[in-house]
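Here are a few notes to read with the structure open beside you. Take them one at a time and find each residue as you go.

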Amino acid sequence: MLVLRQDHSQLRGGWAAAAQLAEILSHCCVGLEVKEDPEEFYKKFLPSAIDNLLFLGRRLQARFIRAVKDEEKQDFLHWFQTVTDAICWLFGGHIRLAACVLQNDHFLQLLITDDVETAIIMMSLLHNILRVNSSVLLQVDEETLHSVLDELVYKLSSTTNPVIGNAVTKLLLLVAKFCKQLVKLLTARYKGLKGLLSKQWTGKGFDRDLNQLLDLLYLEQSNGKGEMQVLKFNETFRRHQAACIIQAMWRGFQTRKRLKKLPQAVTTLQRSFRAKREQELQHLKKQKEDEALKLQMQLQRQRAMRLFHERQLALLEIIHASQVNKYMEELEGKSALTIQRFWRGYRARRNFHQQRQSLKEYKAAVVIQRAACKFLEKRRRRRPLSPWKDPKGLTDEQRLALQQKVDDYIKLHPASQMSEEMSKELHMQAQEKLAQFLLRSRLDQRAVQRRETLLAQVNTDVELLMNAPGLAETTEKDLDVFVSRSIPVATKARQSHNTMLKYTRWPWWKRLGDEFVEDDVIPDDALNAELGTLFIGGRKSF
């Protein structure tokens, strides 16, 4: 009996073993003659067995509802049926246990379910209870009786399944046949029950039981009240029917809501308790580790002090008494120097870190400003010209007005007539003036080219003279430089090439402001410094 309350998913045999244990327990308890302490057996053991069996049935019902695979659902349903059969066998052998089953909280929770298959099994269990002990509903308290009847009426009003309707109708008919007081309770508490049965469940395949139940309800209503009262009740029949349905549905909803929240609340409470306990254990563990660390540090400090004192005493034993004061002064001086050295190093490192950060920020600001200024300057130089705007078209009226003005001007200023000979003469004059202008412009271009060539040659000679060694150090190679024109040109070309190579090998932070310049383009300033004085012989081609 005690094993039935365990979680059999973690035990050997699983839930099948639990169902077999329930069946064995029920068969062992029926027909047993207890000679020693029978009162404890009937008043304590058997009610506890009923409670454990119903608790096992709740677990099987919950796992049947949560199961996904058909095979698992069939297994759990079979085990649930076995447990309910064991309960029926047990209270069949001990009639007094029927009231104990009805008053148990697990029985009501098993009965309040939306699953069709388990609900039918529970209603068959209730049917067997009423067959074994027909007056059991009068033996239980009023709250339990009302809860059972509310659930039965709720199932009639909330479903259209004929299997559920047939089972509930047979139960109510059995209740009405065996106890007339419950018929009065049904007619008084559920005033719309007759209308619900006659309208919703007529023609569903169990009309015989349904008609018998309706006859009993109408007979009780006609016997308890006169014909005038019957007519009066007919007027308020529809209102009571609606109220009955609402009440039954609301009570069933409230009970289901309360029962659904109960496992969640228990789970939340357990989770919070375990988390708090885990936190306390972690805190205690951390506290013990801190205490152990403090004790270890204290021991290490004590050992270091003891070693220092031992070393100091050994040195004092070695040193002569007259040299002790001198030794102590030297030791204090060294300690002071060590402390000062560490302090100055710390202060210097701190100042260096602060200055390095500020210097880095300053350099970054300078680089960003330089890049921004270069970008703005290039964009200002490369500002595109405004696009040409086509003139607006003229209207017909404007064209007529302009044509009128042109005609009036031609009338006031007539053009002189020119002969063909005069026009040819003017053409020849224009050709002569154009030829003179082209000849003069070509001469000017040659003169400008000659001046540029002479200026470049003078600059090259000046630079060679400035860089030339003294007369005492002059060699034949230096003389060849002044005699030949190709050597200074090659030297300047080599210098220009080295300048371009240096520029391409600059780090990225030096070229940060030139990210908008193409890779093949070299700044004019870098090249002008090397190519400004270079003289290359030859002539320019235009």
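1. Let's start with a word we need: two residues are in contact when they have heavy atoms within 4.5 Å of each other. Keep in mind that this is a predicted model. Now look at contacts in the protein chain with a separation of 6 or more: 74% of them join residues 24 or more positions apart.

2. What is the chain built from? It has 20 helices and zero strands, so you won't find any strands to trace, going by how DSSP runs are counted here.

3. How much of the chain is buried? Of the 542 residues in the protein chain, 25% are buried. The accessible surface of the chain comes to about 40100 Å², and carbon and sulfur atoms own 57% of that surface.

4. Next, zoom in on Q61, which sits in helix α2 (residues 38–66). Is Q61 buried or exposed? Its relative accessibility is 7%, and buried means under 20%, so Q61 counts as buried. Leaving out residues up to four places away in sequence, Q61 touches F80, Q109, L110, T113 and T118.

5. For a contrasting case, try E71, in helix α3 (residues 70–93). Its relative accessible area is 65%; the cut-off for exposed is over 50%, so E71 is exposed.

6. Which residues join E71 in a negative surface patch? The patch is formed by D70, E71, E72 and D75. Asp and Glu count as negative, which is why these four can form a negative patch.

Notes: Residues are numbered from 1 along each chain as its sequence is written. This is a predicted model: local features need pLDDT of at least 70, side-chain atom pairs count only at pLDDT 80 or more; totals for chains, interfaces and linings use all residues. Side-chain values use heavy atoms; hydrogens and water are left out. Patches are made of residues with over 30% relative accessible area and no salt bridge: like charges are joined within 9 Å, nonpolar side chains (Val, Leu, Ile, Met, Phe, Trp, Tyr) within 5 Å. Accessible areas come from the Shrake-Rupley method with a 1.4 Å probe; for residues, only the protein chains shown count as cover. A salt bridge is a side-chain nitrogen of Lys or Arg within 4 Å of a carboxyl oxygen of Asp or Glu. The place of a charge is taken as NZ of Lys, CZ of Arg, CG of Asp or CD of Glu. Helices (H or I, at least four residues) and strands (E, at least two) are DSSP runs, numbered from the N terminus. Buried means under 20% relative accessible area, exposed over 50%, partly exposed in between (1.4 Å probe, protein chains only).
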